[in-house]
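Let's walk through this structure together, one contact surface at a time. Keep the view open beside you and turn it as we go.

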2 protein chains.
Amino acid sequence: MTASETATRLMDAAQLLIMERGYNAFSYKDLAESVGIRTASIHYHFPSKGDLGLAVMGRYLGQLDDALARIDRTAKSGKARIKGLVKVFAETESRGAICMCGSLAASLETLPAELQEAVAEYLDRCETWIQRVIADGGREGEFAYAGKPAEAAAALLSGLQGGLLVARARTARASVLANVQRLFLNTLEAA
Amino acid sequence: MTASETATRLMDAAQLLIMERGYNAFSYKDLAESVGIRTASIHYHFPSKGDLGLAVMGRYLGQLDDALARIDRTAKSGKARIKGLVKVFAETESRGAICMCGSLAASLETLPAELQEAVAEYLDRCETWIQRVIADGGREGEFAYAGKPAEAAAALLSGLQGGLLVARARTARASVLANVQRLFLNTLEAA
DNA sequence: GTCTATAGGTGGATAGAC
DNA sequence: GTCTATCCACCTATAGAC
């Protein structure tokens, strides 16, 4: 069930709008103007806004899996893997956007139940991956961190999500994620 | 210019709704039902939704100043001060809400310019305070942290904002901010 | 697959009586 | 200060022609 050309362009536009404005601040009218069709035509591809949101999140989840798998393949150390993950988020930071998942999480209570679950799934998958990288790095002696990998993973995930939020809103223009990364690796490596 | 009883209740309701659902997901109708008046009456107190948002953020900013001043008075070490700040956010976490500022930051581009500036002001004020605490702690030998206080401050602020976001959305129910705090203090104290 | 037309609801906001 | 009544723009969604 590969998505059609139009469906893909609709998902692209929706994802961008969610990352820039939020789920409750974009409409079928916005999508229609962006893609160049009428609002009624969108319902052919995605019957309801919830369906569209779910499809976009599903794709976003797949993109995360791909990115993490690629990092696992190419990065040879725990440190390099953490840096690889930060880089994924830093790309979003440089575009002045926030993680789609963070955006949705901010309006969590207004979302359809299935979409809420997809948001939780994304965060869990992300956190679990970080946890594994830290645990592996600890076993192999790369990291000196003495605490529980699960705790550090939750803290890094928070730093990444919040970092995007803060970077866009505050007046200082330097990268926030660079600081998050520095502090985090500092912690893992210190005795 | 003390706010009237009704104006205060309207701001209370608006703040709660923003922290739970987001700026674009609450309406004058919601407020009217919560406070027990008609939607038209709200416009007497706050001509536009932007005016209301600005008033609520102004109050929120004052609450931050009060909280930070209180921590400065009562907490006697840098570590205690950081813990005091985390506690302020942890209160929000325990209510299953997120920082109003983080909520607004997620929909930043949809807000009136003045409201965007207020959000930035809140984050800046918060970050500056953390920075000062770290710098003081470094001078007095309490913290061994060798990096720039500004960088660490940005990272902690990110962790706090993101921690609230993550705590509400992910499946695991333990406190996320507790992990953020542990990792951060760990970093400051390690050599 | 996309269109026109339209329904039915909700959004923030205003005028004017009380 | 709060009300009723109303405006108009916008929202998601559907029906049915092409």
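Let's start at DNA strand D, keeping in mind that this is a predicted model. There are 17 residues around this strand, and those that come nearest are A:Tyr28, A:Lys49, B:Arg38, B:Ser41 and B:His45. As you can tell from their chain letters, residues of chain A and of chain B are both on that list. Which part of the strand faces the protein? Of the strand D atoms within 4 Å of the protein, 71% belong to sugar or phosphate, and the rest belong to bases.

Three polar contacts are worth finding on your screen. At A:His43, a polar side-chain atom lies 3.2 Å from a base nitrogen of DNA strand D. At A:Lys49, by contrast, the partner is a phosphate oxygen of strand D, 2.8 Å from a backbone N or O atom of the residue. Chain B joins in through B:Tyr44, where a polar side-chain atom is 3.3 Å from a phosphate oxygen of strand D. If you now look at the elements behind this surface, those giving two or more residues are helix H2 (28-35) and helix H3 (39-45) of chain A, together with helix H3 (39-45) of chain B. H3(B) gives the most, with 4 residues. Sorted by class, the residues near strand D divide into 7 nonpolar, 7 polar and 3 charged.

Now turn to the other strand. Around DNA strand C there are 17 residues, and the nearest are A:Arg38, A:Ser41, A:His45, B:His43 and B:Lys49. Here sugar and phosphate account for 71% of the strand C atoms that come within 4 Å of the protein. Phosphate oxygens of strand C turn up in several polar contacts. One lies 3.1 Å from a polar side-chain atom of A:Thr6. In another, a phosphate oxygen is 3.3 Å from an N or O atom in the side chain of A:Tyr44. From chain B, a polar backbone atom of B:Phe26 is 3.3 Å from a phosphate oxygen of strand C.

Which elements stand behind the strand C surface? H3 of chain A, along with helix H2 (28-35) and H3 of chain B, each supply at least two residues. The largest share, 4 residues, comes from H3(A). By class, this surface has 7 nonpolar, 7 polar and 3 charged residues.

With the DNA in place, it helps to look at a single protein chain. Chain A has 9 helices and 0 strands. Its C-alpha trace spans about 60 × 40 × 30 Å along its principal axes.

Next, bring the second chain back and look at where the two meet. The size of an interface is often given as the accessible area lost when the parts come together. Between chain A and chain B, about 3700 Å² is buried, with carbon and sulfur atoms giving 64% of that area. On the chain A side, A:Ala106, A:Leu165 and A:Leu183 supply 15% of the area buried against chain B, more than any other three residues. The contact takes 45 residues from chain A and 44 residues from chain B.

There is a polar side to this meeting as well. The count between the two chains is 4 salt bridges. One of them joins the side chains of A:Arg170 and B:Glu127, at 2.4 Å from N to O. Across the interface, 13 residue pairs are in polar contact. The helices of chain A that each supply at least two residues to the side touching chain B are helix H6 (100-106), helix H7 (113-139), helix H8 (149-169) and helix H9 (177-189). H8(A) gives the most, with 14 residues. This side of chain A has 21 nonpolar, 15 polar and 9 charged residues.

Finally, how are the two chains arranged relative to each other? A rotation of 180 degrees, with 0.0 Å of shift along its axis, superposes chain A on chain B with an RMSD of 0.1 Å. The two copies are therefore related as by a two-fold rotation axis. Both copies use the same surface for their contact, since 98% of the contact residues of chain A recur in chain B.

Conventions: Residues numbered from 1 in each chain as written. Chains lettered and ligands numbered in written order. Predicted model: local features only at pLDDT ≥ 70, side-chain atom pairs only at ≥ 80, totals over all residues. Heavy atoms only, no water. Near = heavy atom within 4 Å. Polar contact = N/O pair within 3.5 Å; in protein donor to acceptor, adjacent residues only side chain to side chain. Nonpolar A, V, L, I, M, F, W, Y, C, P; charged D, E, K, R; others polar. Contact = heavy atoms within 4.5 Å. Buried area = accessible area lost by both parts, 1.4 Å probe. Least-squares fit on C-alpha atoms with pLDDT ≥ 70 in both.
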